Every structure is written in C-alpha cells, then in structure tokens.
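Reader: I would like to understand how the words used for a structure are justified. Could you take me through a few of them with care?

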Number of protein chains: 2
Amino acid sequence: MLADKKKITIAIVDDHPIVLEGLQKVLMQAYDYVSTLCFSTGGEFLNFIKKAGTGTDIVLIDITLPDINGIDLCREVKTLSPDTCVLAFSNHNERSTIMRMLQNGASGYLLKNCTAGEVVSCINEALSGQIAFSREAREIMARPSARDWQVLPALTKREKEVLKLAADGQTSAAIAVQLHVSPLTVETHRRNLMQKFNVKSITAAVKVAMEMGLLG
Amino acid sequence: MLADKKKITIAIVDDHPIVLEGLQKVLMQAYDYVSTLCFSTGGEFLNFIKKAGTGTDIVLIDITLPDINGIDLCREVKTLSPDTCVLAFSNHNERSTIMRMLQNGASGYLLKNCTAGEVVSCINEALSGQIAFSREAREIMARPSARDWQVLPALTKREKEVLKLAADGQTSAAIAVQLHVSPLTVETHRRNLMQKFNVKSITAAVKVAMEMGLLG
DNA sequence: TTAAAAATACCGGAAAACCAGTAGAAAGAA
DNA sequence: TTCTTTCTACTGGTTTTCCGGTATTTTTAA
C-alpha cells in the first residue's frame with residue numbers, strides 16, 4: 001500500500017472502542033500523514049463538524065449507533081459538509097441497507113469483516129472520487145437476489161408502532177386499545193405492512209424487519 | 001493498568017480483522033510479555049489447540065462466527081483444554097446468551113462496546129480465577145427483566161425447521177407438505193415453540209428467535 | 001435394556017388473522 | 001390552496017391460528 005504524502009483527516013464514528021483502536025492502528029500504519037478523530041456517537045460527530053467545519057476528508061460510519069442510525073447520520077453529514085466522503089463500516093450485509101446508504105450520499109460500503117488492506121484501499125478509492133466497496137459488499141451488490149432487490153420499505157410512524165406491538169405477540173384488538181384506534185384500523189395497517197414487505201403474514205414481516213434492523 | 005510480569009498467551013477468535021487489530025494493540029500496550037494468536041474461524045482455533053495443546057491462557061471468542069457459534073465453540077474448547085479461560089467478546093446483549101455462555105464454561109462476558117481498559121481488567125480477573133463481566137454485561141446480569149430470565153430455549157431439529165418455515169410466512173398446511181407430516185403435527189410443534197419461548201404467538205417467537213440469532 | 005426425549009397425530013371449538021374492496025378525514029408537502 | 005400521503009374505519013366472508021387436551025411410535029441417551 002502506497003503511503004499518501006499529503007496529510008489527510010479521517011474521522012471514525014463507532015461505539016466500539018476496540019474497533020476504533022483497530023482502525024487507528026491500521027490507518028497509522030498505512031499513511032504517513034493522517035490524523036484520526038474518533039467519535040462514539042453520531043451526535044458527537046455532528047457537533048464536531050458544526051463547530052470545526054468541513055475539514056474532514058473521510059468519515060467511517062457504523063450503521064448501528066447508540067443515538068442515530070448510520071443512514072440518517074450519513075445524510076446529515078453530507079448536508080453539513082458535502083465534501084466529506086462518507087464510508088459505511090458495518091455488519092449489515094443486506095443489499096437494501098447498502099442501497100440506502102448510497103442513496104444518502106455515501107461514497108462506499110465496507111463490511112466489518114473486511115481486511116485492513118481493504119479498508120485502506122477503499123479509503124484511497126473514495127478519496128479519488130470513486131465509489132468503494134469491500135470484497136463482500138461488492139459481491140452483495142453484484143448478485144442481486146430477488147428479495148434483496150426491493151429497497152428498504154419506508155414505514156409510516158403508525159405502521160412501525162403496529163409492527164412493533166404485533167412482534168410482541170399482541171392481537172389486533174390489543175394493539176387497537178393501546179393506540180386508541182379501531183381494531184379494523186390496525187388490521188388495515190397490518191395488511192399494508194405485509195404488502196410493503198411483500199410477504200404473506202405478519203410473522204414473515206417481523207422476520208424481514210428484524211433482518212433489516214427496523215425492529216428490536 | 002499494571003503490567004503482568006510473566007508471559008501470557010492470549011488467543012482471539014473473531015472474523016473481523018479490524019477487531020483483531022484493535023485487541024492486539026490493546027493487549028500489547030497492557031502487557032509486557034504477551035503473545036496474541038489470531039483466528040478468524042472456530043475451526044482454525046480448534047485445530048490449533050488439538051495440535052499445539054493447551055498452552056493458551058485466555059481465549060476471546062466472538063459469538064457470531066462463520067463456521068460455528070461461540071457458545072458451542074466455548075464448550076468444545078473447555079473439553080479440549082479445561083485450563084484455558086474462555087471470555088466471550090460479542091455484540092449480543094441478551095441475558096440468555098450470557099447465561100448460555102457461562103453454562104458452557106466461559107469465565108466471563110464482554111460486550112463489544114466495552115472500553116480497552118475493561119478488556120484488560122476482565123482478562124486479569126479471569127486469569128485470577130474470577131468470573132469477569134464488562135460494565136454493560138454486568139448490568140444486564142444485575143437487572144434481570146422477566147423475559148431475560150429464561151435461558152435460551154433448546155429447540156429440537158424439527159422445531160427449528162418449523163420455526164424457520166413459519167418465519168417465512170408459510171401456513172401450517174404448507175409446512176406440513178414440505179416436511180411430509182400431518183398439519184396437526186406442525187401445529188403441535190408450533191405450540192411447543194410458543195411455550196418454549198414463552199410468547200403468545202409464533203410472530204413473537206420469531207422476533208425472539210431473531211434477537212437470539214437462532215434464525216436468519 | 002430401559003427410561004427419557006422427540007416426533008408424530010388426533011379432536012373440537014374459540015379466537016384471530018387474512019382477503020378484497022371501499023372511503024372519509026386529517027396532516028404535510030408543493 | 002391543491003395534491004398526496006397517512007390515518008382512520010367499515011362490510012362480509014374465508015382461512016388459519018391458537019387452546020385444551022390426549023396418545024402412540026420412534027429415536028436417543030444412560
């Protein structure tokens with residue numbers, strides 16, 4: 001890996017200190033002139049760029065964060081600092097998640113099981129303006145399985161509530177009481193949920209939602 | 001953190017190279033005499049202890065591994081090398097998972113969001129014969145919510161099959177056809193599943209199973 | 001070999017989910 | 001303000017799940 005001569009600034013947003021340590025080590029070894037900034041929540045990083053401005057070249061963002069999800073964080077970062085390249089660094093291997101990230105302006109996607117070399121080469125690719133994927137992420141994008149094609153369905157507030165309660169084993173009647181609506185309304189939401197997830201039962205919808213990290 | 005004078009051998013089994021790097025860095029800084037051995041699959045590590053014997057003092061094991069789950073790996077390690085302390089290092093924050101790990105002989109449990117200091121102090125505790133938890137893992141153990149108390153239910157082969165097919169939205173009748181049994185048999189399995197998970201519907205069972213990583 | 005666990009299967013009935021279609025009211029965006 | 005989405009609610013009917021039991025056969029472990 002060729003070391004880059006000019007200084008670059010790389011931020012990392014991840015709530016796992018060990019991952020922070022690991023990435024720091026890898027970056028220090030790969031670049032002669034690099035400063036790494038570590039943040040463990042999305043809020044911290046947003047505050048930083050609001051104050052310190054747009055000097056960050058690259059930011060590696062985990063999808064699962066304590067305060068905000070990486071997809072929304074990506075969008076906010078690109079709004080505040082369009083020149084910062086956002087790379088997702090996550091365990092989520094659903095095509096829909098990758099798509100969402102790219103739709104929100106990300107410059108690439110790294111699976112957390114990628115090698116140190118892949119991290120560095122993806123950063124380099126992103127710096128040169130390309131879209132960068134780790135090996136496995138590229139494979140996921142290349143082999144679009146039927147299920148994966150559909151984008152993450154955008155659920156309404158009410159639908160999310162219904163889905164969550166249904167996932168806890170509550171009946172439509174019980175859900176209706178809690179949401180102060182008619183059981184018939186709940187049933188309508190149920191049907192819309194099944195349609196959006198393209199499945200034949202709420203049970204299957206819950207499974208897909210769990211896979212996509214929309215629940216629990 | 002006091003450095004330990006005598007040499008210790010620490011193995012790490014994790015399929016995320018970056019985590020391996022991070023832990024290595026942390027361990028090198030904390031101990032003067034340490035050798036770290038990295039493995040990315042459970043099989044690799046089992047082969048190693050079969051050949052090299054029982055010289056490993058500590059092994060950090062991720063629950064989610066490509067070839068075997070960390071719980072089963074823990075049991076096998078303790079069978080082959082009872083003197084090796086097994087510490088789980090995982091994202092799973094369900095009480096049931098922690099319990100399972102301890103039942104299988106683990107010396108402690110670290111959540112992946114713990115600090116570098118916690119990793120080191122847990123290793124020291126484990127070396128001195130104690131059971132070690134990271135801060136959050138300790139909290140989970142201390143505040144037993146009703147649901148969390150129950151241990152990970154041991155599902156039979158058939159139950160797993162039924163659950164998986166039900167999670168895909170299939171009806172009992174459809175499942176029966178695929179498994180070449182009576183629909184009534186499938187219904188019995190369904191009921192047993194709900195009982196084991198202590199929930200009121202298969203939908204809820206699927207959610208819990210997904211949380212515990214038993215599905216998908 | 002014997003005991004325990006798992007898989008199989010049944011009954012009848014109540015409750016709930018699912019299907020297909022429609023439609024007014026409210027909230028947000030253009 | 002107008003258009004669109006979301007939330008709301010209904011009719012009426014079919015299918016499926018869930019509940020409570022019980023019970024034989026097969027497999028597995030001691």
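Author: Before we start, please keep in mind that UniProt annotations may be inferred rather than shown by experiment, and that the model shown here is a predicted one. With that caution, the unreviewed UniProt entry lists residues 9-127 of chain A as "domain: Response regulatory". Over residues 9-127 of chain A, the chain is 48% helix and 21% strand, with the end C-alpha atoms 11 Å apart.

Reader: Why is B:Leu20 called buried?

Author: Buried means a relative accessible area under 20%, and B:Leu20 has a value of 11%, so B:Leu20 is buried. This residue is found in helix α1 (residues 17-30) of chain B.

Reader: What is B:Leu20 in contact with, leaving aside its neighbours within four places in sequence?

Author: The residues in contact with B:Leu20 are then B:Ile12, B:Asp14, B:Cys38 and B:Phe39, where contact means heavy atoms within 4.5 Å.

Reader: What makes the pairing of A:Arg158 with a phosphate oxygen of DNA strand D a polar contact?

Author: A polar contact is a pair of N or O atoms within 3.5 Å, and an N or O atom in the side chain of A:Arg158 is 2.8 Å from a phosphate oxygen of the strand, so the pair qualifies. By the same cut-off, the backbone N or O atom of A:Ser182 that lies 2.6 Å from a phosphate oxygen of DNA strand D qualifies as well.

Reader: Which helix supplies the largest share of the surface near DNA strand D?

Author: That share, five residues, comes from α10(A).

How values were computed:
Residues numbered from 1 in each chain as written. Chains lettered and ligands numbered in written order. Predicted model: local features only at pLDDT ≥ 70, side-chain atom pairs only at ≥ 80, totals over all residues. Heavy atoms only, no water. Helix = DSSP H or I, 4+ residues; strand = E, 2+ residues; numbered from the N terminus. Buried < 20%, exposed > 50% of the residue type's maximum accessible area, 1.4 Å probe, protein only. Polar contact = N/O pair within 3.5 Å; in protein donor to acceptor, adjacent residues only side chain to side chain.
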